[in-house]
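Subject: Structure handover, cavities and one helix

Hello,

Please find the structure below. My notes on its internal space and on one helix follow.

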Amino acid sequence: MALLIDDSCINCDMCEPECPNQAISMGEEIYEIDPERCTECVGHYDKPTCVSVCPIDCIDNDPNRVESEDELLIKYAKLTGRL
């Protein structure tokens, strides 16, 4: 499942540099997560680093992007060229 930043984001700049997949970028008003690049840090870390560093807990699971851990591992492999 990809992650989603909700509109309570305060643009603190904590999440973007922590993303190993470069899935986070500034949107029109708040940071956004590209679901095609988000692996919830599967393949990199035990848990999503953006969630760990977010001071207001505005990063949730994206209900429109349900993915299994195996699917996230495949996405990780494609993004890193390890497939």
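The largest cavity has a volume of about 80 Å³. A cavity here is a set of points, on a 1 Å grid over the protein atoms alone, where a 1.4 Å probe fits but cannot get out; the points are joined across faces, edges and corners, and the volume is the space filled by probe spheres set on them. This is a predicted model, in which local features need pLDDT of at least 70 and side-chain atom pairs count only at pLDDT 80 or more, while totals for chains, interfaces and linings use all residues. Residues are numbered from 1 along each chain as its sequence is written, and side-chain values use heavy atoms, with hydrogens and water left out.

The lining of the largest cavity (residues with an atom within 4 Å of a point) has 13 residues, and Leu 3, Cys 19, Cys 38, Cys 41 and Cys 50 lie nearest the centre. It divides into nine nonpolar, three polar and one charged. Nonpolar means Ala, Val, Leu, Ile, Met, Phe, Trp, Tyr, Cys and Pro; charged means Asp, Glu, Lys and Arg; the others, Gly among them, are polar.

Two cavities of 30 Å³ or more were counted. The second largest has a volume of about 60 Å³, and its lining residues include Asn 11, Asp 13, Tyr 31 and Pro 55. That lining divides into 10 nonpolar, one polar and one charged.

Helix α2 (a DSSP run of H or I, at least four residues, numbered from the N terminus) covers residues 69–80. Its buried residues (under 20% relative accessible area, 1.4 Å probe, protein chains only) are Leu 72, Lys 75, Tyr 76 and Ala 77. Gly 81 follows α2, with a positive phi near 75°.

Regards

Technical notes: 1 Å grid on protein atoms, 1.4 Å probe; cavity = no way out; pocket = protein on both sides within 12 Å on 5 of 7 lines; lining within 4 Å. Helix = DSSP H or I, 4+ residues; strand = E, 2+ residues; numbered from the N terminus. Expected span 1.5 Å × (residues − 1). Buried < 20%, exposed > 50% of the residue type's maximum accessible area, 1.4 Å probe, protein only.
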